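Trainee: Could we go through this one together? I'd like to see how each label is earned.

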Amino acid sequence: MSARLDPRRLAALVHKESRQMWRDPATILMAFVLPVVMIFLYAYAVSLDLDKVAIGVVLESDSAGAQSLAAAFAGSRYFAATPARDRREVDRAVVGGRLRGFVVIPQDFDRRVQSAGAQPLVQVVTDGTQPNTAGFVAFYAQNVVGLWQASRGLAPPGLALEPRFWYNPEIESRRFLLPGAIAIIMTMIGTLLTAMVVAREWERGTMEAVISTPVSVVEILLGKLLPYFGLAMAATVICTLLSIHVFGVPLRGSWPALLMLSSAFLVPALGQGLVISSIAKNQFVAAQLALFSGFLPAFLLSGFIFEISSMPLPIRLLTLLVPARYFVASLQTVFLAGDVWSVFIPDTLAMLAIGCGFFLIARAKTKKTLDT
Amino acid sequence: MIMSSTRLLAQIRKELLCVLRDPKSRFALIIPPLMQLLIFSFANTLEVRHVDIAVYNRDSGRAAYELVARIGAASFCDRLVPAHSQAEIAGMIERREVIAALDIPESFSGDLAAGRPARAQVLLDGRRGNASQVLLGYLSDLAAGLGAELTGTAAAANSVAVRHWFNPNLIYQWFVVPSLGGVLVMFSTLMITGLSIARERELGTFDQLLVSPCTPLEIIVAKMAPALVICSGLGSVMAAAGVFAFGIAFTGSWLLLFVSMEVFVLSMVGIGLMLSAVCRTQQQAILGTFAFGVPVMVMSGFATPVENMPAVLQWLAQAIPLKYYLIILQGSFLKALPPAEVFANVWPMAVIALVTLSAATWFVKGRLE
């Protein structure tokens with residue numbers, strides 16, 4: 001079977017696949033409802049901005065100074081403080097996960113303030129089972145105490161760093177998470193849906209029937225991929241519009257750059273779906289493989305929540321093969337920084353290279369099964 | 001005549017064969033979750049390491065020199081990139097070559113020596129917001145420590161004594177490995193059960209099942225079997241891997257953990273079967289599984305704490321079995337979770353299991369009549 005490409009036949013196939021796609025409510029759910037739900041969830045549920053972390057404030061001293069520090073904790077935007085008089089009241093709550101930690105303002109607080117640093121002023125205990133939250137609790141507790149000291153003129157002139165966050169001065173996690181969420185949604189549509197659709201043809205035996213027609217393999221695969229390409233692009237546009245207009249994420253780059261990056265990302269995403277379906281030929285196995293090789297890596301190895309540079313070397317090497325990694329980096333740039341072509345071009349090339357790899361594997365696999 | 005043991009056993013045997021007969025399915029069920037546990041356990045860290053930092057130092061004094069030297073020697077910093085102008089710094093951050101840049105003014109060391117507060121600016125890449133914030137924490141600690149040392153006031157650095165309970169060094173793996181055990185078991189359970197009824201309906205064998213002498217309850221119990229066996233096995237292997245491969249202390253009760261695991265798997269089986277029952281094809285079932293599983297994972301407290309979410313979502317999260325199971329898992333590993341706390345998190349899962357399994361049985365019965 002040669003790789004002939006007849007535009008009329010291809011158009012007919014695309015038409016057939018599109019009709020099939022539209023007919024299935026599950027596809028529509030996946031392509032339009034799910035992205036909207038996901039964007040809302042990422043905007044509201046995945047928040048790395050810890051505000052109002054539940055902590056206990058154990059006030060063992062009644063002095064004015066101790067009370068003003070307790071009030072500073074109660075007034076902090078980072079904490080929802082539960083007052084207590086005894087640490088036994090709060091430590092059960094920490095074990096049960098209802099509080100993320102507590103601050104102890106000791107009995108001899110005033111003496112400690114006067115002795116200027118011979119002993120720490122307060123103790124902070126955190127729930128280390130959630131290391132990220134624990135770190136933030138410790139950091140912001142120090143912050144509150146530091147500000148309290150400064151307000152009373154107690155802070156010694158030291159050395160301090162003035163942070164400035166570029167592209168995201170308020171460090172709103174939504175601003176870097178939503179672009180990442182788009183990459184995940186596109187992985188789901190591109191890889192999972194494609195893998196399932198092609199696997200279904202194999203499972204039901206209809207692929208053999210199509211192969212026996214004059215249509216070439218390339219035409220069959222393209223016919224399947226093009227409608228899903230369109231669907232994924234539509235989902236991207238919807239997600240982007242939502243991110244910009246509903247959630248206030250700026251798009252500092254241009255739409256053409258965004259669309260180019262998205263198209264480039266779909267090449268490996270669709271290619272991966274094809275490879276999975278040609279290996280699996282069964283919807284269950286295809287879905288399982290798509291989940292574990294497509295969705296979870298896009299979520300966990302793309303650098304959108306977990307920083308890639310912090311991973312151990314073998315895994316950092318592995319992430320080089322995760323197309324979502326390049327897409328997330330570029331998307332965050334196009335949204336928050338602008339059109340930085342020195343970031344986009346290498347990322348796009350990497351995505352296209354991975355995509356070509358997938359298509360070559362898919363072609364080899366598909367051919368082989370036709371021969372046998 | 002609700003259940004007959006021979007019929008039930010034959011059914012269970014058939015369901016197990018359905019899932020395990022095909023070597024590819026066997027492989028897809030067992031290997032990927034374990035590999036994921038291994039890879040993601042090492043990958044998922046919110047610590048910051050191996051970062052490059054640009055330095056634009058306009059000060060030739062000692063304090064600035066010390067600050068730069070200490071950052072360069074810090075374990076989180078791979079490379080210090082010298083810069084010679086603010087524009088150069090801006091370019092490096094924009095191109096993602098460095099994650100942060102230190103801009104030290106000329107007066108820096110002089111201010112410190114004169115007893116004035118010395119200020120240096122840190123520019124951070126807000127696109128990598130999380131890592132930037134963590135890095136800022138590291139840098140601020142380092143700067144405060146150095147400042148206290150140079151001015152001879154040891155006080156500034158430690159006005160707060162911090163203790164992290166259960167995980168004193170905040171090792172991220174101690175959080176990730178147990179939690180991943182929950183997330184991966186959830187997806188496997190959903191996948192196995194989600195497809196079971198949908199596959200029969202797609203292939204038309206569901207009608208055959210309905211005209212057989214099997215009762216709806218038998219059908220549901222038999223459908224529960226593969227997920228219960230495989231996912232309990234997976235969950236146990238993952239928990240054991242946490243202890244033996246990752247060396248995480250297990251301070252709770254294994255018995256309580258197993259009981260909770262069974263209840264958790266049952267509740268997910270119930271949800272999976274419900275999803276499966278309303279789907280006509282496998283594709284719909286899988287998409288349904290995703291449409292359900294992904295938001296649930298996001299809202300369960302795995303990625304970010306539940307209490308950070310708005311009230312409506314927190315309220316929704318009460319119906320998510322994974323949320324309770326994660327509390328039990330993390331507690332059983334690190335906190336020696338007392339039985340009362342385990343129970344407080346098991347009963348909501350039991351209620352969810354009861355409701356969803358009844359609904360699935362009711363659905364099969366509805367088809368029958």
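Mentor: Sure. Chain B has 14 helices and five strands, where helices (H or I, at least four residues) and strands (E, at least two) are DSSP runs numbered from the N terminus. It's a predicted model, so local features need pLDDT of at least 70 and side-chain atom pairs pLDDT 80 or more, while totals for chains, interfaces and linings use all residues. Residues are numbered from 1 along each chain as its sequence is written, with chains lettered from A and ligands numbered from 1 in the order written.

Trainee: What makes chain B more spread out than a compact globule?

Mentor: The radius of gyration, taken over C-alpha atoms, is set against a rule of 2.2 Å times the number of residues to the power 0.38. For 369 residues the rule gives 21 Å, but chain B comes to 28 Å, well over that, so it counts as more spread out. Its C-alpha atoms fill a box of roughly 90 × 45 × 40 Å along the principal axes.

Trainee: How do you know which strands are the edges of the open five-stranded sheet?

Mentor: Strands pair if DSSP finds at least two bridges between them. The order is S2(A)-S1(A)-S3(A)-S4(A)-S5(B), with mixed pairing. S2 (79-84) of chain A and S5 (160-165) of chain B each pair on one side only, which makes them the edge strands.

Trainee: Why are S1 and S3 of chain A called paired?

Mentor: Because two bridges are enough, and four join these parallel strands, residues 53-59 and 101-105. As one example, A:Val58 has A:Val104 as its bridge partner in S3(A).
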